[in-house]
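Reader: I'm new to this and keep running into labels I don't get. Could you walk me through a few of them?
Author: Sure, let's look at it together.

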Amino acid sequence: MVLMSSIETTELDREQRDTLLAVARQSIDHGLRHGHPLPVAPDDYPATLQALGASFVTLHENGQLRGCIGTL
């Protein structure tokens, strides 16, 4: 059985994906340096990046999986 959602999915363009990757990198660096999450102001980003959605992040170092986390 497949559950279908009424939520429309939107493909992100290259610039939006690059923005998310930059924020993820900044967030990791900030957390390691300061011990707390990076403050992020959603209003600083386009509506597409403010929309609620699922995320999944995978970290690799030297070709080895170092961690992953996701949320719906």
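**Where the labels come from**

Author: Let's start with Arg66, which is exposed, with a relative accessible area of 58%. Keep in mind that this is a predicted model.

Reader: Why is Arg66 called exposed?

Author: The label exposed needs a relative accessible area over 50%. Arg66 has 58%, so it gets the label.

Reader: And what makes Glu61 partly exposed?

Author: Partly exposed covers what lies between the 20% and 50% cut-offs. Glu61 comes out at 48%, so partly exposed is the right label.

Reader: How do you know that Arg66 and Glu61 form a salt bridge?

Author: Check the distance: a side-chain nitrogen of Lys or Arg has to be within 4 Å of a carboxyl oxygen of Asp or Glu. For Arg66 and Glu61 the N to O value is 3.9 Å, so the pair counts.

Reader: How many salt bridges are there in the whole structure?

Author: The search finds 3 of them. Another one joins Arg14 and Asp18, where the closest N and O atoms are 3.6 Å apart. That is within 4 Å, so this pair passes too.

Reader: What separates Arg14 and Asp18 along the helix?

Author: About one helical turn, because they sit 4 residues apart in helix H1, which covers residues 14-34. As for their surroundings, Arg14 is exposed at 55%, whereas Asp18 is partly exposed at 38%.

Reader: What makes Arg33 and Asp29 a salt bridge?

Author: Their side chains meet at 2.8 Å, N to O, and the limit is 4 Å, so they qualify. Both lie in helix H1, 4 residues apart, about one turn of the helix.

Reader: Are Arg33 and Asp29 buried or exposed, and how do you know?

Author: Arg33 has a relative accessible area of 64%, which is over 50%, so Arg33 is exposed. Asp29 has 37%, between the cut-offs of 20% and 50%, so Asp29 is partly exposed.

Reader: Which residues form the nonpolar patch on the surface?

Author: Ile28, Leu32, Val57, Leu59 and Ile69, with about 480 Å² of accessible area together. Helix H1 and strand S1 (55-61) each supply at least two residues of the patch.

Reader: What makes Ile28 accessible enough for a patch?

Author: A patch residue needs over 30% relative accessible area. Ile28, which lies in helix H1, has 38%, so Ile28 clears that cut-off. That 38% also explains why Ile28 is called partly exposed: it falls between 20% and 50%.

Key
Residues are numbered from 1 along each chain as its sequence is written. This is a predicted model: local features need pLDDT of at least 70, side-chain atom pairs count only at pLDDT 80 or more; totals for chains, interfaces and linings use all residues. Side-chain values use heavy atoms; hydrogens and water are left out. Buried means under 20% relative accessible area, exposed over 50%, partly exposed in between (1.4 Å probe, protein chains only). Patches are made of residues with over 30% relative accessible area and no salt bridge: like charges are joined within 9 Å, nonpolar side chains (Val, Leu, Ile, Met, Phe, Trp, Tyr) within 5 Å. Accessible areas come from the Shrake-Rupley method with a 1.4 Å probe; for residues, only the protein chains shown count as cover.
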